[in-house]
Amino acid sequence: MSGRTRDELPQPPQPDEHPADEPASPARGAEIAARAGIPLGVAILVCFLTGLLSHWIQHPPDWFYWPAHPVWLYRVTQGLHVIAGVAAIPLLLVKLWAVYPRLFQRPKLSPLVLAERGSIALLVGSVIFQLATGVANIAQFYPWKFFFPPAHYAMAYVALGALAVHLAVKLPVIRAALDRPVNSPPSSGISRRAVLNAGWIAAAVAGLAVAGQSVPFLRWLAVLAPRSGEGPQGVPVNRTAVAAGVVDRAGDPAYRLIVAAGERRREFGADELAALPQTSARLPIACVEGWSASAEWSGVRLRDLLESVGYRGGAVRFESLEESGIYRTSILPAVHVAAADTLVALTINGQRLDLDHGYPCRLIAPNRPGVLQTKWLARIEVLA
């Protein structure tokens, strides 16, 4: 036997402590990324579909149809859009935590690997952009120079396309990771299951913290919701009369509402509108930021007012006393014009409209985004 000691004997090669394809921490790994990615992907898809629906309602293609009833439908879809987006934030953080070390590895020069890395870069960048700007929009905080709606809409397609490419490239890896148990090796500190559970709990808490904007019985939980029921006459407002620059014109005793259809035209003062037969309806105001609130509205039924100028059908255009702004006008489709609960509202919850709610009169129609419920009406015109 050789005289060499045990330490001098050749030793079998030892496995690398952290192979290149494995994360340094046992609390990271494809097992976490795959499981966090499923609810994250669902949240992204929900946001895309509900956001696309909201875009079509505001900018309808010729083929698009949006009903007037049920009155709560837009309230649900847009509330779901915001809740899913906020809940996605913790899920995204968990997924990034799980794959963080791999994001900075030098890629191999192969088409498949480059496609994978490119899809990841687009996916992570676009999703972060969507979530960050979406949260800022909820709070009506715009520290950028671009216009939020078209940028958010365009980037949604980038995120969805990057997600599709990413899934196509990584599907075998995802399936293999889902087949493996999520348990971490013993004595590894924080476990993978703990990371996943923390992410799911955080997503649920984040969603509940904004859900109260749209779900009345959850308002007490809406600690992250900028608007959860407070406002003039119990209903929040996004744009005040001062911000719109209509205080003097809305309060002018000579105010007249013009109602026109072709050559026929009528004018109504505030007192004349109040003297017409009044109709009441309980309808929600549902805004794109995710908040909504129901109120009892009363005023003149729109279709009755239009009969005074010989209305025979078609869409109707509304103009505000505002002199500028992309939402100073709106177009109401014929299906909403014909609805019995579409009103030129004069009161809210039994009180004369507050100036910030659109005094002397405003449009309130069922199942419409709040930005299209034109306030401080100046003109109603039937489109040819």
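These legends go with close-up views of a predicted model.

**View 1. The largest nonpolar core brings together 31 residues.** Leu257, Leu305, Leu306 and Ile380 have the most contacts inside this core. Two helices to look for are H6 (241-244) and H9 (302-307), each giving two or more residues to the core. Strands S1 (257-261), S5 (316-320), S7 (343-348) and S10 (377-382) also give two or more residues each. S10 gives the most, with 4 residues.

**View 2. Ile380 and the residues it touches.** Setting aside neighbours within four places in sequence, you will find Ile380 in contact with Leu257, Ile258, Val259 and Ala260. Leu302, Leu305 and Leu306 are also in contact with Ile380. The list is completed by Val316, Arg317, Phe318 and Val344.

**View 3. A second core lies separate from the largest one.** This second core has 17 residues. Leu40, Leu96, Leu123 and Ala203 are among them.

**View 4. Two buried cysteines, Cys47 and Cys287.** Cys47 counts as buried because its relative accessible area is 16%, under the 20% cut-off. Cys287 is buried too, with a relative accessibility of 6%. If you are looking for disulfides, a search of the whole structure finds 0.

**View 5. The stretch 1-23, where pLDDT is below 50.** Across the protein, pLDDT averages 87, and 89% of the residues score at least 70. Residues 1-23 have 12 contacts in the model beyond near neighbours in sequence. A friendly reminder for this view: predicted coordinates should not be read in detail where pLDDT is low.

Technical notes. Residues numbered from 1 in each chain as written. Predicted model: local features only at pLDDT ≥ 70, side-chain atom pairs only at ≥ 80, totals over all residues. Heavy atoms only, no water. Core = buried A, V, L, I, M, F, W, Y, C linked by side-chain atoms within 4.5 Å. Buried < 20%, exposed > 50% of the residue type's maximum accessible area, 1.4 Å probe, protein only. Contact = heavy atoms within 4.5 Å. Disulfide = S-S within 2.5 Å. pLDDT = per-residue confidence, 0-100.
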